[in-house]
Amino acid sequence: MAFLLQFPNNFRTFSVSASSNGASPSVPQTGGPVILQLPLDKIRRPLMRTRSNDQQKVKDLMDSIAQIGLQVPIDVLEVDGVYYGFSGCHRYEAHQRLGLATIRCKIRRGTKETLRHHLR
C-alpha cells in the first residue's frame, strides 16, 4: 500500500533532530513556512499555565495519533532560534502523553515584536 502526501508548493519539508550538545535545530533563512519534526522539549509553551485542555479531546487525539499519526502539524513561531507554540495544545499534550519525542510542526519565522503580539 502506498501513501501520497500533498503539501502546497510554498511549503518545504525538513527533518530535524536534537543534537547531543543541546543546540536547537534551525529553520532555513529564506522562503515561507516549513514543516519540521521538532523535539517536544525544544518548543516553549508560554500560555500552557493559563489554559486547560479538554481531556476527552486529548484522549481522542491520542487514539488517532497512535493509529494514523498526526494529520495536521501544530503552528510554531521561531524567533532568534527559539520555538514558541501558541496553538495545537491538545495535539501537543497527546504527543506528550503518548511518550513521543517529536511532533510535526509548521514553522514560521518571526520577530520579537511578533512574539510580543502573541503574548498579549
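Me: How many salt bridges does the structure hold?
Reply: The model is predicted. Side chains of opposite charge can pair when their charged atoms come close. Here a pair counts when a side-chain nitrogen of Lys or Arg is within 4 Å of a carboxyl oxygen of Asp or Glu. The number of salt bridges in the structure is seven.

Me: Which residue meets lysine 59 in a salt bridge, and at what distance?
Reply: Look along helix H1, where lysine 59 has a partner four residues apart, about one turn of the helix. That partner is aspartate 63. Their side chains meet, N to O, at 3.3 Å.

Me: Is lysine 59 buried, partly exposed or exposed?
Reply: Partly exposed means between the buried limit of 20% and the exposed limit of 50%. Its partner aspartate 63 has a relative accessible area of 36%, so aspartate 63 is partly exposed. Lysine 59 has a relative accessibility of 42%, so lysine 59 counts as partly exposed.

Me: How many residues apart in sequence are the parts tied together by aspartate 80 and lysine 112?
Reply: Aspartate 80 forms a salt bridge with lysine 112, with the closest N and O atoms 3.6 Å apart. Aspartate 80 lies in the loop between strand S4 and strand S5, and lysine 112 lies in helix H3, so the pair ties together parts whose separation in sequence is 32 residues.

Me: Is aspartate 80 buried or exposed?
Reply: Exposed means over 50% relative accessible area. Aspartate 80 has 57%, so aspartate 80 is exposed.

Me: Which residues are joined into one network with Arg116?
Reply: Start with the salt bridge between arginine 120 and glutamate 113, at 3.6 Å, N to O. Arginine 120 counts as exposed at 70% relative accessibility, and glutamate 113 is partly exposed at 42%. Salt bridges that share partners join Arg116 into one network with Glu113 and Arg120.

Me: What is the nearest side chain of opposite charge to arginine 45, and how far away is that side chain?
Reply: Arginine 45 sits in the loop between strand S3 and helix H1. Arginine 45 is buried, yet has no salt bridge. A salt bridge needs the atoms within 4 Å. The nearest side chain of opposite charge is glutamate 93, at 8.8 Å.

Me: Which residue's backbone oxygen does the side chain of arginine 45 reach?
Reply: Arginine 45 touches several residues beyond four places away in sequence, among them Ile74, Phe86, Ser87 and Tyr92. At 3.1 Å, the side chain of arginine 45 reaches the backbone oxygen of serine 87.

Conventions
Residues are numbered from 1 along each chain as its sequence is written. This is a predicted model: local features need pLDDT of at least 70, side-chain atom pairs count only at pLDDT 80 or more; totals for chains, interfaces and linings use all residues. Side-chain values use heavy atoms; hydrogens and water are left out. Helices (H or I, at least four residues) and strands (E, at least two) are DSSP runs, numbered from the N terminus. Buried means under 20% relative accessible area, exposed over 50%, partly exposed in between (1.4 Å probe, protein chains only). Lys and Arg count as positive and Asp and Glu as negative; His and the chain ends are not counted. A polar contact is a pair of N or O atoms within 3.5 Å; within protein, one must be able to donate a hydrogen and the other to accept it, and residues adjacent in sequence count only if both atoms are side-chain atoms. Contact means heavy atoms within 4.5 Å.
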